[in-house]
Every structure is written in structure tokens, then in C-alpha cells.
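This report describes selected features of one protein chain. The sequence and the structure are shown first, and the description follows under short headings.

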Amino acid sequence: MMRKKRMLIGIFTLVGLLLLSELFLWSSGRVGLFNTTNRIISGAPNIEVQGKRLSYQGTIFSSPSDLDEYASSDTGEALYKAKGTPPNPPWIYVKKDSNTFFRYKTPQLPWRM
């Protein structure tokens, strides 16, 4: 009984520390552990622009004619933005294959969203 209780307390402590670290990263405007894990599982590349890591937001299926080439990442990978978006687009896309793109955005501080 005592051993189960100690193990349960250890698990809750570990989960609590993980959530606190995620909250700290989110509140400082950085990409968190859950986002990084999700990006790795989906096979999306790690994209940095001007030394800032972009937050992975999922995969979309779109025609390449709907997107314009925007810039390049720090590693030289081509970045795209949707046609008609402002010079600082809310979403940045990276090409996976002919009609599949990974979607990213620049992480922001929670009080500036």
C-alpha cells in the first residue's frame, strides 16, 4: 500500500513538473515540449527564422498556386505564405511534397496574442 502511494506521488510530481515547464516555456514566448514532440512525430522539419524557432501548427493540403514564396529559413529552406497576406504573415508554410505543406507560426507572448 505504501509503495503504491509513493509511486503515485512520484508520477503526479513528474506530470506536474512537465506541465510547469510547458507553462514556463509558453509564457516566455518559446516553443514548448508538446509542440516539439508533435512536430517530430509528424516528420516536420525544425524551422528557425532570424534565430527564432517557429511553432509547428499542423499539416495542410493546398495547391502551390495558393502560396507565394516568402523567404528562406536560417538553414536555407524555402518558406511560403498565403497569397494576399501582409508582409509579416500569421502563418508560414514549408513544402513537404507537391500538395502538402507544414504550417508554422512565430511564437508570441501570451499577453500579446
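## Basis of the description

A residue is called buried when its relative accessible area is under 20% and exposed when that area is over 50%, with partly exposed residues in between. By this criterion Y56 and Y104 are both buried. The model is a predicted one.

## Aromatic pairs

The structure contains three aromatic pairs. In one of them, Y56 and Y104 meet edge-to-face, with 5.8 Å centre to centre and 70° between the planes. Y56 belongs to strand β3 and Y104 to strand β7, so this pair ties together parts that are 48 residues apart in sequence. Ring pairs also join Y56, F102 and Y104 into a cluster.

Y80 and F101 form another edge-to-face pair, at 5.8 Å centre to centre and with 75° between the planes. This pair links distant parts of the chain, since Y80 is in strand β5 (residues 78-82) and F101 is in strand β7, 21 residues apart. Both Y80 and F101 are buried.

## Helix α2 and its packing

Which residues of α2 are buried? They are N35, T36 and R39. Viewed down the axis of α2, these buried residues fall within an arc of 100°, so they line one face of the helix. Their packing partners are the strands β2 (52-53), β3 (55-61) and β7 (100-105).

S42 is also part of helix α2. Its relative accessibility is 27%, and S42 therefore counts as partly exposed. Apart from neighbours within four places in sequence, S42 is in contact with Y56 and F102, both of which belong to the aromatic cluster with Y104. The C-alpha atoms of S42 and G58 are separated by 8.2 Å, and these two residues are 16 residues apart along the chain. After α2 comes G43, which has a positive phi near 85°.

## Nonpolar surface patch

A nonpolar patch on the surface is formed by M7, I11, V15, L18, L19, L33 and F34, which together have about 640 Å² of accessible area. Two helices, α1 (2-27) and α2 (33-42), each supply at least two residues of this patch. The largest share, five residues, comes from α1.

M7, one of the patch residues, lies in helix α1. Is M7 buried or exposed? Its relative accessibility is 56%, and because the exposed class begins over 50%, M7 counts as exposed.

## The salt bridge

The structure holds one salt bridge. Side chains of opposite charge can pair when their charged atoms come close. Here the partners are K83 and D68, whose side chains meet at 4.0 Å, N to O. The pair links distant parts of the chain: K83 is in the loop between β5 and β6 (92-95), whereas D68 is in strand β4 (residues 67-72), 15 residues apart.

Both partners fall in the intermediate class of accessibility: K83 is partly exposed, with a relative accessible area of 48%, and D68 is partly exposed at 30%. Not counting residues up to four places away in sequence, K83 touches S65, D66, L67 and D68; D68 is thus among its contacts as well as its salt-bridge partner. The C-alpha atoms of K83 and Y56 are separated by 20 Å, with the two residues 27 residues apart along the chain.

## A positive phi outside glycine

Most residues other than glycine have a negative phi. Where does Q50 lie? It is found in the loop between β1 (48-49) and β2. Its phi is near 55°, a positive value in a residue other than glycine. With a relative accessible area of 77%, Q50 is exposed.

Notes. Residues numbered from 1 in each chain as written. Predicted model: local features only at pLDDT ≥ 70, side-chain atom pairs only at ≥ 80, totals over all residues. Heavy atoms only, no water. Patch = residues over 30% accessible without salt bridge, like charges linked within 9 Å, V, L, I, M, F, W, Y side chains within 5 Å. Areas by Shrake-Rupley, 256 points an atom, 1.4 Å probe, with all protein chains shown as cover. Helix = DSSP H or I, 4+ residues; strand = E, 2+ residues; numbered from the N terminus. Buried < 20%, exposed > 50% of the residue type's maximum accessible area, 1.4 Å probe, protein only. Arc of directions from axis to C-beta. Contact = heavy atoms within 4.5 Å. Phe/Tyr/Trp six-rings, centres within 6.5 Å; stacked < 30°, edge-to-face > 60°.
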